[in-house]
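Visitor: I'd like to learn how to read the holes and oddities in a protein model. Could you walk me through one?

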Amino acid sequence: MTPWLKLTTLAALAGMAGLAHAQAKPPLKVGLMLPYTGTYASLGNMIENGFKLYVQEQGGKLAGREIQYFKVDDESEPSKGTDNVNKLIKRDQVDVLVGTVHSGVALAMAKAARENNTLLIIPNAGADAITGPMCAANIVRSSFSNWQPGYAMGIVAGQRGIKRAMTITWNYAAGAETVKGFTEGLEKGGGKVVKDLTLPFPNVEFQALLTEIAAQKPDAVYAFFAGGGAVKFVKDYAAAGLNKTIPLYGPGFLTDGTLEAQGSSAQGLLTTLHYADNLDTPRNNAFRKSFALTYKANADVYAVQGYDAAQLLAAGLAAAKGDLDKRDVITAAMRKTVVDSPRGKFSISPAGNPVQDMYLREAKGQNNEFKAVAVKALADPARGCKM
Ligand code: BEZ
């Protein structure tokens, strides 16, 4: 090779290396803010596992970018919500926030995400306000609004001839909003809620309230509890003998991820949710197999929502070719995508909430089994959202 040719070859090689260097983007920083302790701990773990499973299935990268995780245990404690989310936004400088389970904590996250214009994907918390008056382009949910499964169960209860119902739940946004949805659905069918009972989150001293239910003898009880609290409530309801005389209904959280611990007390319970364990579709079967192989555990709705949070992020990033500066492209793509979820395909409303089928399920053995579509393609009314 002549000296001249050598020089030009070296220059070309150096140019290519420079180009490669310019194109190699740093890892994408994902901040997981979830409950890893307390009554919702299992929900947080399932969401994280679901999210990581999807990323793993993509070879550990989304839109060509490695993922670097940062984690905060939010303890389902709203009073610590702002401090906790700022650990991820300000200290760790994450690119995207994923969280959380508890509606009260999620409201603090959404406020911070709006103020800092940080991308936020909510993999559970149903707080209606987040896709209502607080809706924002940089916030989307892979889960549900609290209104959705409540409304669907109200419709089902009305169809089953329920005229007088009582409700029981924790006294915070999720409880109040799911009861509102249930009441709205039930009233459409000609029934009404005669009494709402509440106790503070995450209290599980149900005895006095169960005594009141026994005295009032409603046609049915609608209950929202989840995680450890749902296990205790369903067992106490059966131990009080109420399951023999007064049907217990709920949003699917009452029996999701909890059936093993609830044992015989949960068998036969009817709930409504956007997922059923035994949906016999290639997508759900492949997801459940992959989840079981990876984690040696059965998937539940929380795992699905975590998995779909990663799918939403992937859709946004793919449209922007991994470039986070193209914020408008990312947020528009996350609203345009149709998510091929284990629950069935769903779209995202302009307010950022899934538009999805609500299933009626029955607890049988270790599964919440599909019985019927309770409400097809149910969209949250997004009351108060202006975008
Ligand atoms: C919530 O706080 O929004 C919530 C928590 C657990 C299950 C479902 C909803």
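Guide: Sure. Let's begin with a term: domain bounds come from an automatic or database domain assignment. This is a predicted model, where local features need pLDDT of at least 70, side-chain atom pairs count only at pLDDT 80 or more, and totals for chains, interfaces and linings use all residues. Residues are numbered from 1 along each chain as its sequence is written, and side-chain values use heavy atoms, with hydrogens and water left out.

Visitor: Why does the second largest pocket lie between domain 1 and domain 2?

Guide: Both domain 1 (28-144 + 280-348) and domain 2 (147-273) give residues to its lining, so the pocket lies between them. As for "pocket", picture a 1 Å grid over the protein atoms alone: a pocket is an open set of points with protein on both sides within 12 Å along at least five of seven lines, a cavity is a set where a 1.4 Å probe fits but cannot get out, and lining residues have an atom within 4 Å of a point. Points are joined across faces, edges and corners, and the volume is the space filled by probe spheres set on them. Here that space is about 170 Å³.

Visitor: Which residues line the second largest pocket?

Guide: Among them are Asp128, Trp147, Glu177, Lys180, Glu184, Asp380 and Arg383. Helix H6 (residues 173-188) gives the most, with 3 residues; helices (H or I, at least four residues) and strands (E, at least two) are DSSP runs numbered from the N terminus. By class, the lining has 5 nonpolar, 1 polar and 6 charged residues. In that scheme Ala, Val, Leu, Ile, Met, Phe, Trp, Tyr, Cys and Pro are nonpolar, Asp, Glu, Lys and Arg are charged, and the others, Gly among them, are polar.

Visitor: And how much space lies in the largest pocket?

Guide: About 230 Å³. Its lining has 15 residues, and Gly257, Thr258, Asn298, Ala299 and Gln366 are the closest to the centre. Helix H9 (259-262) and strand S15 (367-378) are the elements that give two or more residues to this lining. The classes come out as 3 nonpolar, 7 polar and 5 charged. Domain 1 and domain 2 each supply at least three of the lining residues.

Visitor: How many cavities of 30 Å³ or more does a search of the whole structure find?

Guide: Just 1, with about 90 Å³ of space. Of its 15 lining residues, Val101, Asn124, Phe144, Tyr172 and Phe224 lie nearest the centre. The lining divides into 11 nonpolar, 4 polar and no charged residues. Here too, at least three residues come from each of domain 1 and domain 2.

Visitor: Which residues come nearest the ligand?

Guide: A residue is near a molecule if one of its heavy atoms lies within 4 Å of it. There are 15 around the ligand, with Val101, Ser103, Gly126, Tyr172 and Ala174 coming nearest. For polar contacts, look for pairs of N or O atoms within 3.5 Å; within protein, one must be able to donate a hydrogen and the other to accept it, and residues adjacent in sequence count only if both atoms are side-chain atoms. A side-chain N or O atom of Ser103 is 2.6 Å from a ligand oxygen, a polar backbone atom of Gly126 is 3.0 Å from a ligand oxygen, and a backbone N or O atom of Val101 is 3.3 Å from one. The protein covers 100% of the 260 Å² of accessible area the ligand has on its own, by the Shrake-Rupley method with a 1.4 Å probe (for residues, only the protein chains shown count as cover).

Visitor: What about backbone oddities?

Guide: Most peptide bonds are trans, and most residues other than glycine have a negative phi. Gly99 to Thr100 is cis, with omega near 0°. Thr100 sits in the loop between strand S4 (96-98) and helix H4 (103-116). Ala63, not a glycine, has a positive phi of about 50°.
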